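Trainee: I would like to learn how the words used for a protein model are justified. Could we go through them one by one, setting each value against its cut-off?

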Amino acid sequence: MTGAQRAFGAAGALAAVGLSAAVWGTCIERFLFTVRRHDLAVLPPGSPSLTVLHLSDAHMAPWQHRKQAWIAEVAEREQPDLVINTGDNLGHEDGLRGIRAAFAPLRGVPGAFVHGSNDVAGPSPRNPLRYFQGPSLRAERGGDLDTAAMDAFFVAELGWTDLDNAASVVEAAGVRLDAFGVSDAHRQWDDLDVLPDALAAIRRRPLFGRAPEAALTIGVTHAPYRRVLDAFTDLGADVIFAGHTHGGQVRVPFSRSALVANCDIPRDQARGLSTWSHDGRMVPLNVSAGLGHSVYAPVRFACRPEASVLTLRARA
């Protein structure tokens, strides 16, 4: 075999591998929804355990019936005590129809949510190679989405609490939780300055006649930028929830680190449970790889779409 023949054979093999990976990522893996489970001993001794369902980045389009059915099935099966939704729910101007179908079993389950940019504006085509240059800086956007209708569904119909640059008391399974959050830091919509006063106000508020002492303080953000995680740690969060990264969306198989994160979080913390440390304080951080993708980038490779189920247990 000549050198030219060997080179041609190698190129053909490489092309076949690339084609196989593309077919897997676009036609198979993006539909292989999975549940990522974690146990955290963060509640006061003697507290009952809480099941938290963390949903993020559904990027829902009305025709995505498999995704809708899977989310609804997980909600019914897991019977969570609390839902945390870290944004980017909509991926189409009619995406709320799919969100309604997916989240219907969660009606009446206590929950809290914040916005991502794709709760406000639809997706737009973009060059995926830009993400290797760092977080996307241009505010490219599609058409306006009906954010008000989505929020009304979450608040009025499901009974969830809006934590966009706000704080609130949430009661789950008889346990008082103090929760606070910010809107999408990737779009500079976060307002960290309002949180100290907002938290101070709810910490003075009794719940059901009991003393205003929460079993847990929860921080919620869409995009896990360092400035947000540092501020949440300083504000006393006992656990932090985030999304946005898609876990990198395309990863090297078996690698612990994402190729990209589209924010300034370390890439090895762009998916799953880790610990965020700041000024000597350490806080559990759960970054969901999310349930979907932009309709303009329909691929997942070595990064299955996911929901997180966290069991919060009492400390020993």
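Mentor: Let us begin with Arg-176, which has its place in strand S7, and keep in mind throughout that this is a predicted model.

Trainee: Why is Arg-176 called buried?

Mentor: The relative accessible area of Arg-176 is 5%, and buried means under 20%, so Arg-176 counts as buried. In space, the C-alpha of Arg-176 is 5.8 Å from that of Ala-215, although these two residues are 39 residues apart in sequence.

Trainee: Where does Ala-185 lie, and what makes it buried or exposed?

Mentor: Ala-185 belongs to the loop between strand S7 (175-182) and helix H5 (195-203). With a relative accessible area of 0%, Ala-185 falls under the 20% limit and is therefore buried. Its C-alpha atom is separated by 9.1 Å from that of Arg-227, a residue 42 residues away along the chain.

Trainee: What does Arg-227 lie over, and how do you know that this counts as a charge over a ring?

Mentor: Arg-227 lies over the face of Tyr-225, at 5.1 Å from the ring centre, and the distance must be within 6 Å, with a further condition on the angle to the ring normal. A second case is Arg-66, whose charged end sits over the ring of Phe-31 at 3.7 Å from the centre of that ring.

Trainee: What makes the pair of Phe-154 and Trp-160 tilted rather than stacked or edge-to-face?

Mentor: A pair of aromatic rings is described by the distance of the centres and the angle of the planes. The structure holds 7 aromatic pairs, and in the one formed by Phe-154 and Trp-160 the centres are 5.0 Å apart and the planes are 35 degrees apart. The centres must lie within 6.5 Å for a pair, while stacked needs planes under 30 degrees apart and edge-to-face needs over 60, so an angle of 35 degrees leaves the word tilted.

Trainee: Are those two rings buried or exposed, and how do you know?

Mentor: Phe-154 has 0% relative accessibility and Trp-160 has 2%, and because buried means under 20%, both residues count as buried. Ring pairs also link Phe-154 and Trp-160 with Phe-103, Phe-113 and Phe-153 into a cluster.

Trainee: Why is helix H2 called roughly parallel to helix H3?

Mentor: The axes of H2 (residues 65-78) and H3 (residues 95-103) come within 7 Å and cross at roughly 30 degrees. Since angles under 35 degrees count as roughly parallel, that is the word for H2 and H3, and their crossing is right-handed.

Trainee: What makes H3 roughly parallel to H4?

Mentor: The axes of H3 and helix H4 (residues 147-158) come within 10 Å and cross at roughly 20 degrees. That angle is under 35 degrees, so H3 is roughly parallel to H4, and H3 passes H4 in a right-handed crossing.

Trainee: Why do Pro-62 and Leu-55 count as buried?

Mentor: Pro-62, in the loop between S2 and H2, has 9% relative accessibility, which is under 20%, so Pro-62 counts as buried. The C-alpha atoms of Pro-62 and Ile-99 are 8.3 Å apart in space, with their positions 37 residues apart in sequence numbering. Leu-55 lies in strand S2 (residues 50-55) and, at 2% relative accessibility, also meets the limit of under 20% and is therefore buried. From Leu-55 to Gly-290 the C-alpha distance is 6.9 Å, although the two are 235 residues apart in sequence.

Trainee: What is the phi of Gln-249, and why is this residue called buried?

Mentor: Phi of Gln-249 is near 70 degrees, a positive value in a residue other than glycine, and Gln-249 has its place in the loop between strand S9 (239-242) and strand S10 (272-278). A relative accessible area of 12% is under 20%, so Gln-249 is buried.

Trainee: Why is Ala-302 called partly exposed?

Mentor: The relative accessible area of Ala-302 is 25%, and since buried means under 20% and exposed over 50%, this value falls in between and Ala-302 is partly exposed. Ala-302 is found in the loop between strand S11 (281-287) and strand S12 (306-314), and has a positive phi of about 55 degrees although it is not a glycine.

Note on methods
Residues are numbered from 1 along each chain as its sequence is written. This is a predicted model: local features need pLDDT of at least 70, side-chain atom pairs count only at pLDDT 80 or more; totals for chains, interfaces and linings use all residues. Side-chain values use heavy atoms; hydrogens and water are left out. Rings of Phe, Tyr and Trp (its six-membered ring) pair if their centres lie within 6.5 Å; planes under 30 degrees apart count as stacked, over 60 as edge-to-face and the rest as tilted. Buried means under 20% relative accessible area, exposed over 50%, partly exposed in between (1.4 Å probe, protein chains only). A charge sits over a ring if NZ of Lys or CZ of Arg is within 6 Å of the ring centre and within 35 degrees of the ring normal. Axes are lines fitted to C-alpha atoms, for helices over the stretch in contact, and angles run from 0 to 180 degrees between N-to-C directions. Helices (H or I, at least four residues) and strands (E, at least two) are DSSP runs, numbered from the N terminus. Angles under 35 degrees count as roughly parallel, over 145 as roughly antiparallel, 65 to 115 as roughly perpendicular and the rest as oblique. A crossing is left-handed if the near helix is turned anticlockwise from the far one by less than a right angle, and right-handed if clockwise.
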